[in-house]
Amino acid sequence: MKKKILFIGSEGSLGQAVAEDLEHHSELYRVGRSNKNLLLGSSNFLCGDLNDKNFCKEISKYHFDVVIYAAGVSKGKIIDHSNYTENFNPFANFIKIIASNCKHIIFFSSSAVYDENENFTEQIINKIPKNSY
């Protein structure tokens, strides 16, 4: 039996590649704020905004085995209040409403994670992890 997977943020660079593979191996549902995925051939597409708590409540009724959260809005070097509200509020709604009805959560992001520190690469290279995680 295929796993029922909800993918939030499947329209991004990383998300598209991961979702393309998952569509062959799971019952994949994609969430996005636009209906772009309908054009990409995704049969299970839920169009809405995670800022809308009612939309989140509707999604939570599906009872997914796995939820992948890869959504994020990046405005490059522009740091303002909208970065916070566009990234944190939807994630907070997700955690409060949707996450309680799934078995596993996977979070990954390629945007808005690291600061503008020019020495970031050296900081990472010079640190040795304490374990394999």
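In the predicted model, the lining of the largest pocket draws at least two residues from each of three elements, namely helix 1, strand 2 and helix 4 (81–98). The volume of this pocket is about 450 Å³. Its lining consists of 27 residues, and those closest to the pocket centre are Gly9, Arg33, Ala70, Ala71 and Gly72. By residue class, the lining of the largest pocket contains 13 polar, 10 nonpolar and 4 charged residues.

The protein chain as a whole has 5 helices and 5 strands. Read from the N terminus, these elements follow the order β-α-β-α-β-α-β-α-β-α. The chain has 133 residues, of which 35% are classed as buried. Among the contacts in the protein chain with a separation of 6 or more, 54% are between residues 24 or more positions apart.

Strand 1 comprises residues 4–8, and 5 of its 5 residues are buried. The cover extends to both faces of the strand. On one side, the buried residues are Lys4, Leu6 and Ile8; on the other side, they are Ile5 and Phe7. The route from strand 1 to strand 2 passes through helix 1 (residues 13–25), and the resulting β-α-β crossover is right-handed.

Strand 1 pairs with two other strands. With strand 2 (residues 27–32), the pairing is parallel and includes 5 bridges. Within this pairing, Lys4 of strand 1 lies opposite Glu27 of strand 2, and Phe7 has Arg30 as its bridge partner in strand 2. The pairing of strand 1 with strand 4 (residues 66–69) is also parallel and is made through 4 bridges. Here, Ile5 is placed opposite Val66 of strand 4.

Strand 2 is likewise mostly covered, with 5 of its 6 residues buried. In addition to its pairing with strand 1, strand 2 runs parallel to strand 3 (residues 45–47), to which it is joined by 3 bridges. Arg30 takes part in this pairing, with Phe45 as its bridge partner in strand 3. Arg30 thus has a bridge partner in strand 3, Phe45, and is itself the bridge partner of Phe7. Strand 2 also returns to the description of the pocket, as one of the elements that supply at least two residues of the lining.

Helix 4, another of the elements that contribute to the pocket lining, contains Lys96. The relative accessible area of Lys96 is 62%, and this residue is therefore classed as exposed, the cut-off for that class being over 50%. Lys96 and Lys57 are separated by 39 residues in the sequence. In space, the C-alpha to C-alpha distance between Lys96 and Lys57 is 9.8 Å.

Technical notes. Residues are numbered from 1 along each chain as its sequence is written. This is a predicted model: local features need pLDDT of at least 70, side-chain atom pairs count only at pLDDT 80 or more; totals for chains, interfaces and linings use all residues. Side-chain values use heavy atoms; hydrogens and water are left out. Buried means under 20% relative accessible area, exposed over 50%, partly exposed in between (1.4 Å probe, protein chains only). Two strands pair if DSSP finds at least two bridges between them. A crossover is right-handed if, with the strands pointing away from the viewer, the path from the first strand over the helix to the second runs clockwise. On a 1 Å grid over the protein atoms alone, a cavity is a set of points where a 1.4 Å probe fits but cannot get out, and a pocket is an open set with protein on both sides within 12 Å along at least five of seven lines; lining residues have an atom within 4 Å of a point. Grid points are joined across faces, edges and corners, and a volume is the space filled by probe spheres set on the points. Ala, Val, Leu, Ile, Met, Phe, Trp, Tyr, Cys and Pro count as nonpolar, Asp, Glu, Lys and Arg as charged, and the others, Gly among them, as polar. Contact means heavy atoms within 4.5 Å.
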